[in-house]
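Colleague: Please take me through one part of this model in detail. I would like to see how two helices pack, and then what lies in the core.

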Amino acid sequence: MPALKITNLRKTYARGPEALKGIDLTVESGDFFALLGPNGAGKSTAIGIICSLVNKSDGKVEVFGHDLDTDLLGVKRHIGLVPQEFNFNQFEPVIEILINQAGYYGIERSDAAQRAEKRLRQLNLWEKRNTIARNLSGGMKRRLLIARSLVHDPKLLILDEPTAGVDIEIRMSMWEFLRKINEEGTTIILTTHYLEEAENLCRNIAIIDNGIIIENSSIDVLLERLQQEIFVLDIDVAVSEAPTIEDYSVTLRNAQSLQVTVDKACGLTRLFCSLAEQNIEVLSLRNKQNRLEQLFLEMTRESRHPVEESEG
Amino acid sequence: MNFRTNVWTPFTTLVIKEFNRFIRIWVQTVLPPGITMALYFAIFGKLIGERIGEMDGYAYIDFIVPGLILMAVITNSYANVVSSFYQAKFGRFIEEILVSPVPNWVILAGYVGGGVARGMVVGVLVTIVAMFFTDLQVHNYLVTLLVFFLTSVLFSLGGFINAVYARNFDDIAIVPTFVLTPLTYLGGIFYSIQLLPDFWQMASLANPILYMINAFRYGLIGISDINIAWAFVIILFFIAVLASFSMRLLNKGIGLRS
């Protein structure tokens with residue numbers, strides 16, 4: 001049984017645009033799934049509908065077999081939501097926020113207190129349990145949202161840009177935590193603008209743009225489609241112009257750094273050999289752009305400006 | 001349906017949350033009505049009241065105490081729900097509840113429960129304050145407690161509807177200032193409608209708060225300008241209307257879901 005099944009989901013806002021134009025999406029149980037798209041693409045609308053914060057115009061949503069139209073409470077019971085914005089009462093103590101949230105799911109206060117402690121400890125917030133939420137740092141507030149979403153042990157966790165604005169160390173620790181709960185069986189749907197995050201964490205991916213799904217496959221399959229990669233090479237000697245190498249497009253970034261566009265078919269071995277022949281040694285190599293980011297940009301660009309057929 | 005899991009625990013969670021909220025800010029919520037009512041009792045009840053003499057055979061302070069207690073209950077029940085629910089909308093933490101499996105009627109009952117809790121706390125406080133100024137007797141405990149409770153429920157529902165429609169903080173002050181306060185003052189707190197000309201007596205009967213104040217006065221000192229049974233019919237009627245309307249708003253997600 002899929003964790004989430006969406007069929008022909010549509011949303012038109014009153015006096016507004018058609019935010020979703022009939023999307024179909026299936027997320028299997030246990031998956032770590034990325035839902036990507038540029039700003040205004042329809043991601044948050046889709047998440048809002050799944051979590052019953054937005055009324056759909058048409059279509060069907062099922063969560064672990066529970067239909068949103070006929071068994072709303074059944075759907076809600078299985079979902080935990082980490083929203084983009086800090087939507088907790090900023091004047092409540094941290095522990096109260098979690099205990100109340102558990103109470104809304106029917107968990108009694110004594111049990112709720114234990115669950116709250118477990119999640120706050122996991123997310124390194126236990127020391128802050130009596131702090132008024134508004135006094136937490138941005139990273140702590142993000143972790144509080146995650147702790148709150150997990151206090152009722154949901155089977156499906158939806159994270160809407162959970163690491164926005166947090167420093168790299170906290171982001172890494174959040175990745176580690178999310179990987180752990182996914183391994184323990186929680187299905188995760190993640191939206192993010194950090195495509196490196198999606199590439200590192202997720203197994204499957206859907207890209208939504210302008211209200212339609214333009215791509216839905218596994219990350220591995222998607223990355224195989226990448227025909228070219230752009231690398232940045234740091235070299236040991238200063239050069240005044242970019243070396244010429246057949247089949248490779250080489251440009252000079254600065255005297256000791258080259259940018260090379262490499263076709264998938266060409267590989268890197270011949271590039272290194274050619275540079276060595278010109279007495280240039282490569283000190284380090286890195287992708288100029290995250291690979292998924294590169295694909296994402298190509299796909300959304302094509303979606304917005306499709307190549308027009310020319311009459312010849 | 002598991003009543004404890006689906007109804008009782010979410011309901012008590014909401015009420016406890018609301019109780020903690022208004023107690024946390026007691027200086028803004030509980031203390032002011034205590035001070036205001038003490039001034040009413042001292043100025044209108046004692047200083048001016050002793051010159052007014054009797055009203056319907058009772059000392060003036062004894063006549064106005066029931067209405068003033070109920071006025072505190074009305075304004076505080078209303079204020080609690082309207083401000084709390086609007087703030088939850090404004091800060092978007094209403095979403096905590098909207099994404100949870102809490103039935104809409106439990107959400108409504110929880111917020112009304114919070115309003116009633118504040119109405120009760122303030123009502124008891126004002127009653128204690130009143131006892132410093134007069135020897136308060138209770139004529140009929142059942143009527144007193146029922147009117148106390150039902151009026152609190154009714155105005156909590158009113159506050160809820162106001163909060164659903166409110167788009168800014170001004171919107172939550174308009175109804176209490178321009179509707180609730182005038183109706184309360186004209187609801188016979190300070191006078192018996194028997195003193196009014198016939199036309200204004202009839203006009204006063206269109207004010208639902210008149211029935212509540214008179215029923216409460218009957219419960220405390222045993223006198224009323226209107227029939228007590230009618231008072232209960234009217235209170236229950238308005239509760240049914242406002243509760244149905246509130247449920248309709250919640251089910252449609254008006255002001256809550258786009």
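Modeller: Here is the helix pair, followed by the nonpolar cores. Keep in mind that this is a predicted model. The pair is helix H7 (residues 141-165) of chain B and helix H10 (residues 208-221) of chain B. Their axes come within 8 Å. They cross at roughly 150 degrees. Angles over 145 degrees count as roughly antiparallel, so H7(B) and H10(B) are roughly antiparallel to each other. The crossing of H7(B) past H10(B) is left-handed.

Now the residues. H7(B) contributes Val143(B), Thr144(B), Val147(B), Phe148(B) and Thr151(B). Facing them in H10(B) are Met212(B), Ala215(B), Phe216(B), Tyr218(B), Gly219(B) and Leu220(B). By class, eight residues of this contact are nonpolar and three are polar. None is charged.

Met212(B) leads on to the core. The largest nonpolar core has 146 residues. Met212(B) is among those with the most contacts inside it, along with Ile158(A) and Leu68(B). The element that gives the most to this core is helix H4 (residues 60-90) of chain B, with 19 residues. Leu68(B) touches Met37(B), Tyr40(B), Val126(B) and Ile189(B), leaving out residues up to four places away in sequence. Another core, of five residues, lies apart from the largest one. Its members include Leu233(A), Leu258(A), Val260(A) and Leu271(A).

Terms used. Residues numbered from 1 in each chain as written. Chains lettered and ligands numbered in written order. Predicted model: local features only at pLDDT ≥ 70, side-chain atom pairs only at ≥ 80, totals over all residues. Axes fitted to C-alpha atoms, helices over the stretch in contact; angles between N-to-C directions. Helix = DSSP H or I, 4+ residues; strand = E, 2+ residues; numbered from the N terminus. Parallel < 35°, antiparallel > 145°, perpendicular 65-115°, else oblique. Left-handed = near helix turned anticlockwise from the far one by under 90°. Contact = placed C-beta atoms within 7 Å. Nonpolar A, V, L, I, M, F, W, Y, C, P; charged D, E, K, R; others polar. Core = buried A, V, L, I, M, F, W, Y, C linked by C-beta atoms within 7 Å. Buried ≥ 20, exposed ≤ 12 C-beta atoms within 10 Å, placed from the backbone.
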